[in-house]
Amino acid sequence: MKPYPNVILVMTDDQGYADLGCTGNPWLQTPNIDSFSQEAVRCHDFHVSPLCTPTRGALMTGRYPLRNGAWATAWGRSILRQDELTMADVFRHNGYATGLFGKWHLGDTYPYRPQDRGFDNVVAHKGGGVGQTPDYWANNYFNDTYFHNGEPQTYEGYCTDIWFDEATAFIKDCKDKSFFACIFTNAPHTPYFVESKYAEQYRNNLEIVEPEFYGMISNIDENFGKLRAFLEETNLSENTLLIFMTDNGSSGGARLDENGFVTAGYNAEMRGMKASYYEGGHRVPFFLHCPALGLRNKDIDALLSHIDVLPSFIDMFGLELPKPIAFDGTSFSSQLKEEQSSLNRTLFMQNAQTMTPPEKWNCAVLQANWRLVYGKELYDLNADPEQRSDLATKHPNKVAELRLAHELFWDEVAPELAEPCWHLLGHRSENPTRLDAMDVMGDIAWDQPHILEALKTTGTWAVQVEEAGLFRFSFRRWPEELDLPIAAIPESEDLLTNKRHGSRGKARAIKAKKAHLKVNDRAMTKSVSKSDKEVVFELELSPFTGWLSATFEDAKGETQGAYYVYVEGLER
C-alpha cells in the first residue's frame, strides 16, 4: 500500500442536488453515479456556495469566499488571493503528484493559474466556461484548444471526455506515487452543447426543461463509470478516495416562478436554483468512497460544507501543512468514523456578482435545521423543506441569534473585502501577460445565464510591476489567435461566439479612432486606423501596485475598454 491513499475529486458545474437519479429525479438516467452512491458515504446535508467561483475557492482553501477573495465570477473578483494555501499545495507538500483537468476559474494570469497554485499537471480551459472571453477563440466543446500547463494545445473529442481521459492518463503516469486528481468538468454549464445521442432520450418529455442539460449529465455519468472501471482494472479502487460533488445548484433542471418555486422540471422539493440563497442554490450531492479507509455505504446527516473538505483530508491522512492556516471549515472525519453524528455549528453563505463587496445581509445563515435568508426570513427545514413559511415573527430569538453570528463573521471579513488581487505584469513566470474583459474592475454587461458579453467595460485592471523596465502594451478587440482588425467582425460566428461577444446573435466590432493608455498617473494616446489589429504603446515603468486603464474612443467621443491587453516586459 502506498503511504497515503490516492484522491480523485470529481466536481461538475451547475448540476444541482436534484440532477441525479439517486436523489429522486424521475427522468434523468445516471446509473453509474447512482450505483456509486449506494456504495459510498452519502452526505445528505452538504452545502457549497450558490455560484461556481466562490465554491471552488472555498473548496481549495477551507476558507470562506469573503476571506479568500474569490467571491464573484468576474470583475477581478474571481481570483484566489495570492497568499492563500490551496488543497493542491498541501498534497504536493506531502509528496503527492497533483493534477487538475477541466475548469479552474480562480485566476488565469500568474500567480493565480492552477500551475501556480500547487498543480503539477494541468489541462484546462480558461475563464468560467468553455468559449468565454478568456478562453481560446472559437472553443465550442468539441475538438477545442485547451491549455496544458499554460500552453495552448489542440485536443480531439468532447470536453468532458477529454477531462476524464487526461486525468486517467495522469493517473497511469503516477505509477507508485500517491496522486491527487481534480476532474472539474465545465459541463453541464451553459451553453448546453452535447452529442445528440445523449440528449435524444429526454427530448419528448414536456416535463424536462432542458434536454441537452440532462444529456450533458448522462455523458458525465458515462465517463464516471469508465473512471470507476479503470480504477478496478488497475487495482487502485481499494486505496483511492473517490469523491463526487457539484459546485452549486442546478441551472437547467427546473423552471421557477418569481419566488423560486418550481413550475416545471424537478428540484427535489427545494426552493431556488443556482445563485439562490434558498436551499436549492447551495445544497449539493457529496458522495465519497474508499474501502481502505472504511468509507462505504453509510449516511451522514450532519451539516457539512465545502470549507470542511481540506481540513478533513488533513485530519484523515495526517497531512502536514507548509504553513499555519486558520481554517473556517472543520474536519468531519469523526462523522465518517461514526464517532460523532452531528456538528454544532453555524455556516455562512455569501457572495456577490459585482466588483464591489457584497451587501451585508445578502446572505444565508445555516444552523442545523434553521435557515436565515437575507437576514430576515427564517425557515425550519424539518417542517418546511420547500421554505414556504417564514417563521421570523414566531421565533425572534432564533433570528437574533443567527443575525448576531453573522454580525461577528462580517466584522472579521469586511475590512479586507475591497482589496483586489493584482495581476503581475511582465513577470518572468509569465511574459507576456494577457489581460481580458473578464477581470476588468468595473461594470460588465451580462446575458442570462451569466455568459460574459463584455460590451461596455471600464477597461481597468488591478496590476502590479515587481521589476523596473520597458513594457509593451498591445490593445486588441480580438485575441491574437484570431488576428483580426479592431474594426472587423469574424466571418464565422457560431452560437458560442455570438453569446460571448455580442447580443442577439451579432458580434460587435469597435470603430475606434483613438486608444488611451493610463498606468496610474501616466497617460498616453494614439490614433487608430481601420486596418489596425492592435494598438501598441511602450512605457518605462518602476515597481508599483495600482491601476491600468486601456480604452478605445470612437468618433463620437464614447469610450469602452479593450477586450484584450497583452503586456510584455522587454528590457529589465
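Strand 3, residues 46–47, is joined to strand 15 by two bridges, and these two strands run parallel. I should state at once that we are looking at a predicted model. Within this pairing, His47 stands opposite Ser305 of strand 15.

The pair belongs to an open sheet of three strands, ordered 12-3-15, in which the pairing is mixed. Strand 12, at 283–284, and strand 15, at 304–305, occupy the edges; each has a single partner strand, so one side of each is left without a neighbour in the sheet.

I turn now to helix 7. This helix covers residues 211–233, and at 1.5 Å a residue its 23 residues should span 33 Å. The C-alpha atoms at its ends are 33 Å apart, which agrees with that expectation. How much of helix 7 is buried? The helix is mostly covered, with 17 of its 23 residues buried. Just after helix 7 comes Asn235, whose phi is positive, at about 60 degrees.

My last item is a single loop residue, Ser178. Where is Ser178 found? It lies in the loop between helix 5, residues 159–174, and strand 8, residues 179–184. Is Ser178 buried or exposed? Its relative accessibility is 5%, and the cut-off for buried is under 20%, so Ser178 counts as buried. The side chain of Ser178 also makes a polar contact, reaching the backbone oxygen of Tyr4 at 2.9 Å.

Methods. Residues numbered from 1 in each chain as written. Predicted model: local features only at pLDDT ≥ 70, side-chain atom pairs only at ≥ 80, totals over all residues. Heavy atoms only, no water. Pairing = 2+ DSSP bridges. Helix = DSSP H or I, 4+ residues; strand = E, 2+ residues; numbered from the N terminus. Expected span 1.5 Å × (residues − 1). Buried < 20%, exposed > 50% of the residue type's maximum accessible area, 1.4 Å probe, protein only. Polar contact = N/O pair within 3.5 Å; in protein donor to acceptor, adjacent residues only side chain to side chain.
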